[in-house]
There are 2 protein chains.
Amino acid sequence: MKKLINDPRAVASEYLAGFAAAHRDLVRVNVDPAYVVRTDSPRRGKVAVVSGGGSGHEPLHAGFVGAGMLDAAVPGPVFTSPTPDPVLAATTAVDGGAGVLYIVKNYTGDVLNFETAAELAGIDGIDVRTVVVGDDVAVRDSLFTAGRRGVAGTVIVEKIAGAAAQRGDDIDRVVALSERVIAGVRSMGVAIAPPTVPPAGEQSFVLTDDEVEFGIGIHGEPGRERAAFEPVDRLVDRVLGAILEDAPRVAGDRVLLLVNGMGATPSAELYIAFRRAAAVLAEAGVEVTRSLVGSFVTSLDMQGFSLTVASMDDELIQLWDAPVVTAALRWGR
Amino acid sequence: MKKLINDPRAVASEYLAGFAAAHRDLVRVNVDPAYVVRTDSPRRGKVAVVSGGGSGHEPLHAGFVGAGMLDAAVPGPVFTSPTPDPVLAATTAVDGGAGVLYIVKNYTGDVLNFETAAELAGIDGIDVRTVVVGDDVAVRDSLFTAGRRGVAGTVIVEKIAGAAAQRGDDIDRVVALSERVIAGVRSMGVAIAPPTVPPAGEQSFVLTDDEVEFGIGIHGEPGRERAAFEPVDRLVDRVLGAILEDAPRVAGDRVLLLVNGMGATPSAELYIAFRRAAAVLAEAGVEVTRSLVGSFVTSLDMQGFSLTVASMDDELIQLWDAPVVTAALRWGR
C-alpha cells in the first residue's frame, strides 16, 4: 500500500496531530477521547453545533470547526463511527447553556452513537437536538444505512446551521433552518478509481480502465451502476440528471452548486465539471446563485467527484454568505 | 487516459471557463488571449502584480487573483509557457500607472516570454519589473531551466508582493520585498506516482510499487534520486533535510512552513506530513510562525508532496497576515 502515511492504524490520530499543529489559532484538539473544538469554547448563551463521524473524509469534519460553523467535530477511526464517549465529551466541552445541535450523516453507526450521546447529555441537563443528513440520491438503502446516505450536502447544512447559531438564533430556529437545508439538498457522485483503505491496504472495489462507478458512497461501498468511462461532460450530465430527476428544479429556482472532489481529484478537473453542471442548470433557467468547488467530503484517495444541488432562498443565502473562519472554509472577515 | 476531462487539448480553456463561472465575484476571464484579472482592474495608482506560466499547476496562478494578491494571471497551455501576447494584454489590462511586477517561475520559456512582454510594455510606457523565483533545491539545472526551478515557494512570493502592493507600496518597495522572500525560501518535493499528461495520455515517468522519486519538478521532469518507498515520516525527514542543508536554520529563526500537495494527494496525508516537518523544526528550535497546508502548486494528478520553508520577519508576517480574497487563499476580511 503506497500511501503517504506511517502506521496504517494511526492515520486518524496522526492527521489530527498535524491539524492541531497547523491550526492552533482556530482549534483545540483533545487526544483521548478524540475531538476538536473551537479555541474559544464554550461560548456562553450560544447554540453549539457539533458533527462527526468516521475519519477518511477530510477536511470533513475537523476542517469546519471555527467561528460561524462547527463548535466541535468528533472523528472516529477511518470509516468507523466515533463511540458515544467522545461525542459526549465534545458536547460537554462546547455546551454554552443554549442547547447543542448534532448534525449526523445518515449511517447506522453514527445515528446510534450520536443518539446514545444525546441521551447521556440529556441526563446531564444539556438540551441536545439532532438532524440527520441523507442527501445522496444514488441508492435507497445501502450496506451502512437504512435510507439515504449523508454525503457532501452535509457541508452546506453545517455552514448554514453554524451561521444561524453564530448570529444568536435559538436552538429551535437552528434546527428548523437545518431541516430546511436538508429538505432541499441532493447529491450524487461518480468514481473513476476506488480508495485504498488502511489498514487493510486493499482497494475497496475494482474498476478497469474503461469503467466508472456511478453513485459511489464515501466508504468505498457500491454505487448504483457500473458504466463505461466517458468524457467528463457526459458523466456530469448523468449525475446531474439523477439529482434533478429526484428533485426537479424549475426556471427561476435559486440553488447552490457544489462540485466536490473525492480525495485524489485535481482541482482543475473539478472546475471543468463545474463548467458543465452550471451550463446545464443555466440552460434550464435555474440560477446558480452560489458556488463551491473543491475537495470537502472525501473518501481517502478515491478519484472522482460528486455534485450537490441545494435550494437557496434569501435567508439561506445570507447565512451562507455570513463570515466563516475555519481551516477549510474561510471568508467574510 | 482515464481523467475527468473532455478534449485533452481543451483542458486549460475548459478549466478557465469553469473557474470564471464559479468566481464571477472575484475575477474576469479573457478568453483570447487567455488571461484572468481582478474584477476591479485596473486600480489607479496601485502597483499591479502579474504572474503566469503553463497550466496544469492549479490553483496556481488563476486561483490567486484577487484583492491582496495577484492583479492578473496568464495561463499557457498545459506545461507550456504563455507567449508574450497574452502577457502583454494582461499587463495593459491591469496597469494602473504605478508600475507592474512580473513574478516568474524560473523556466526558460517563462523567463523569455515575460521578458519579451516587459520590453513591449516598456515601449508603451509601462514600468515593468520582474522577479524570478527559483526555490527548488532538488537540482542545480534541469531540462527546462538554467538554474533552480520555481515551485511552491511562488505562492508565498505572490502573497507578500500582493499585500505590499495592496497597502500602497511603490514598485521599488514591492520588488525589494519580493526579493527578500525569494532569498529566504527553499522547497523540495517527492512523488509516489507520476502525473498523466494530456494530450499525450502517458505517465511522465514510471515508478514501481516500491519506489519514490525525490526532487521531482512540477512538469513530470526527473528528480534528483529514485529511492525505496518508506513511511511518510522518513520521506519528510529526507526532503526537509535537503532543504535545511541548502539553507541552514538556527534556533530562534522564524519560518513559514508550507506542505503542498502535488494534485492527487488527500489533505489528511498532507497534515500527517506537516506534523512530522513541524516536529523536526521544533526540535531544532526553529519557530514555525505561520503554516499552510493544501494543494496550491500542483502537477496535474501527480501523487506526492513538497515542503517549503520560508524565512519570516515581522514585516513579512504582517504582509502574510494581511487580508486576501482569492479563490484559493482567503482570509482576514
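## Exercises on the A–B interface and a strand group of chain A

About 4200 Å² is buried between chain B and chain A, with carbon and sulfur atoms giving 63% of that area. The model is a predicted one.

**Exercise 1.** Determine which residues of chain B lose the most area to chain A, and how many residues of each chain are in contact.

*Solution.* Begin with the area. On the chain B side, B:Lys2, B:Leu4 and B:Tyr271 lose the most, together 22% of what that side buries. Next, count contacts: 51 residues of chain B touch 51 residues of chain A.

**Exercise 2.** Describe the polar links across the interface, then the elements and residue classes on the chain B side.

*Solution.* Step one: four salt bridges are counted between chain B and chain A. A salt bridge joins A:Lys3 to B:Glu269, with the closest N and O atoms 4.0 Å apart. Step two: 19 residue pairs are in polar contact across the interface. Step three: the elements giving two or more residues to this side of chain B include α1 (11-22), α7 (267-283) and β14 (303-311). The most comes from α1(B), with eight residues. Step four: by class, this side has 28 nonpolar, 10 polar and 13 charged residues.

**Exercise 3.** State the sense in which β10(A) pairs with β11(A), and how many bridges are involved.

*Solution.* Take the pairing with β11 (residues 225-228) of chain A: it is antiparallel, over four bridges. Here A:Val212 has A:Ala227 of β11(A) as its bridge partner. Strand β10 (residues 211-214) is also joined to β7 (residues 185-193) of chain A, antiparallel, by two bridges. In that case A:Phe214 of β10(A) stands opposite A:Val190.

Definitions and conventions:
Residues are numbered from 1 along each chain as its sequence is written. Chains are lettered from A and ligands numbered from 1 in the order in which they are written. This is a predicted model: local features need pLDDT of at least 70, side-chain atom pairs count only at pLDDT 80 or more; totals for chains, interfaces and linings use all residues. Side-chain values use heavy atoms; hydrogens and water are left out. Contact means heavy atoms within 4.5 Å. Buried area is the accessible area (1.4 Å probe) that two parts lose on being put together, summed over both. A salt bridge is a side-chain nitrogen of Lys or Arg within 4 Å of a carboxyl oxygen of Asp or Glu. A polar contact is a pair of N or O atoms within 3.5 Å; within protein, one must be able to donate a hydrogen and the other to accept it, and residues adjacent in sequence count only if both atoms are side-chain atoms. Ala, Val, Leu, Ile, Met, Phe, Trp, Tyr, Cys and Pro count as nonpolar, Asp, Glu, Lys and Arg as charged, and the others, Gly among them, as polar. Two strands pair if DSSP finds at least two bridges between them.
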